[in-house]
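Below are some notes for a colleague who has not looked at this structure before. They are numbered so that each point can be checked against the view.

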Amino acid sequence: MNPAAALFRWLYTLEVPRDRETRQPLQVAALPWCRRSGGEIQVLLVTSRRSGKWIIPRGWTMRFRSLPRAAKREALEEAGVRGFISREPIGHVDAPKRYPLAGTIDWRVAVFPLEVSDELHVWKEADQRERRWFSTEEAAELVSPPEMGALILDLVAAKQRQSSSSREESGAGLLFPPTPEETEPERRQPRHDHADLGSPR
């Protein structure tokens with residue numbers, strides 16, 4: 001192993017929480033969805049900044065924020081959406097990523113469904129990404145990494161089960177709508193982004 005790459009890999013993951021089972025470093029992702037008037041569930045995807053692939057908002061964990069709230073912040077910054085986010089992830093995906101200095105880091109990504117309540121016309125990364133609503137079948141086919149598609153289909157199955165059991169969907173197991181800090185102008189938040197080492201996404 002290249003000693004320099006090992007050093008940078010250590011710096012990247014130094015303060016990052018780790019998955020309890022695999023001990024892999026954790027990132028978080030939001031899976032933005034909505035239910036249209038006809039009952040159809042759609043999923044919002046964004047393009048990655050480098051490759052242009054369709055992905056869901058994903059990024060680093062943040063100091064002083066829970067994992068779901070960190071995922072919620074990523075959805076706001078990358079996709080310009082706010083809403084209700086699940087307290088628990090719908091699943092995890094292994095998503096290795098290669099960096100110029102650190103080589104490949106085997107990330108474990110915790111994915112939190114986010115029911116979109118508000119789409120912004122202007123947001124932090126609006127000039128860097130495209131966003132688009134897809135049917136769940138289209139999103140599952142297009143999303144990268146491909147393993148994320150299974151979680152999109154799991155989301156649909158979960159919502160169908162909720163409907164069949166006549167449960168209220170807009171509140172159960174979800175966090176409340178945007179807090180005041182999310183509606184105020186952007187503030188600098190402490191986060192594990194290691195910007196000086198290169199973009200993580």
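1. Helices and strands, as named here, are DSSP runs numbered from the N terminus, a helix having at least four residues and a strand at least two. By that naming, F64 falls in the loop between β4 (58-59) and α2 (67-79). The model is a predicted one, and the points below should be read with that in mind.

2. F64 deserves a look for its backbone. Its phi is near 70 degrees, which is a positive value in a residue other than glycine. Is F64 buried or exposed? With a relative accessibility of 80%, F64 counts as exposed, because the cut-off for that class is over 50%.

3. R23 shows a positive phi in a residue other than glycine, with a value near 65 degrees. R23 sits in the loop between α1 and β1.

4. Q24 is also placed in the loop between α1 and β1. Its relative accessibility is 16%, so Q24 counts as buried. The side chain of Q24 makes a polar contact of 3.5 Å with the side chain of D94. Neighbours within four places in sequence aside, the residues in contact with Q24 are P17, R18, D19, D94, D106, W107 and R108.

5. The largest nonpolar core holds 20 residues, and the members that touch the most others are L31, L45, I56, V111, M148 and I152. At least two residues of this core come from each of β1 (26-35), β2 (41-47), β6 (91-99), β7 (103-119), α3 (136-142) and α4 (148-164). Which element gives the most to this core? The answer is α4, with 4 residues.

6. L45 can be followed outward from that core. Apart from neighbours within four places in sequence, L45 is in contact with W54, I55, I56, E130, R131, R132, F134, A139 and V143. There is also a second, separate core of 18 residues, with V28, I55, A75 and V116 among its members.

7. On the surface, L7, W10 and L14 make a nonpolar patch of about 320 Å². W10 belongs to helix α1 (residues 3-13). The relative accessible area of W10 is 49%, so W10 is classed as partly exposed.

8. How many salt bridges are there? The count comes to 10. One of them joins R63 and E15, whose closest N and O atoms are 2.2 Å apart. This pair links distant parts of the chain, with R63 in the loop between β4 and α2, E15 in the loop between α1 and β1, and their positions 48 residues apart. R63 has a relative accessibility of 33% and counts as partly exposed; E15, at 43%, also counts as partly exposed.

9. A salt bridge between the side chains of E125 and R49 has an N to O distance of 3.9 Å. It too links distant parts of the chain: E125 is in the loop between β7 and β8 (131-135), R49 is in the loop between β2 and β3, and the two are 76 residues apart. The relative accessible area of E125 is 4%, so E125 is buried, whereas R49, at 31%, is partly exposed.

10. R132 and E130 meet through their side chains in a salt bridge of 2.5 Å, N to O. R132 counts as partly exposed at 38% relative accessibility, and E130 counts as partly exposed at 36%. Elsewhere, R49, E78, E125 and R129 are joined into one network by salt bridges that share partners.

11. G52 lies in the loop between β2 and β3 (54-55). Its relative accessibility of 37% places G52 among the partly exposed residues. Although G52 and Q128 are 76 residues apart along the chain, their C-alpha atoms are separated by 9.9 Å.

12. A last backbone feature is the cis peptide bond between S144 and P145, where omega is about -5 degrees. P145 is found in the loop between α3 and α4.

Technical notes: Residues are numbered from 1 along each chain as its sequence is written. Side-chain values use heavy atoms; hydrogens and water are left out. A nonpolar core is a set of buried Ala, Val, Leu, Ile, Met, Phe, Trp, Tyr and Cys residues joined through side-chain atoms within 4.5 Å. Buried means under 20% relative accessible area, exposed over 50%, partly exposed in between (1.4 Å probe, protein chains only). Contact means heavy atoms within 4.5 Å. Patches are made of residues with over 30% relative accessible area and no salt bridge: like charges are joined within 9 Å, nonpolar side chains (Val, Leu, Ile, Met, Phe, Trp, Tyr) within 5 Å. Accessible areas come from the Shrake-Rupley method with a 1.4 Å probe; for residues, only the protein chains shown count as cover. A salt bridge is a side-chain nitrogen of Lys or Arg within 4 Å of a carboxyl oxygen of Asp or Glu. A polar contact is a pair of N or O atoms within 3.5 Å; within protein, one must be able to donate a hydrogen and the other to accept it, and residues adjacent in sequence count only if both atoms are side-chain atoms.
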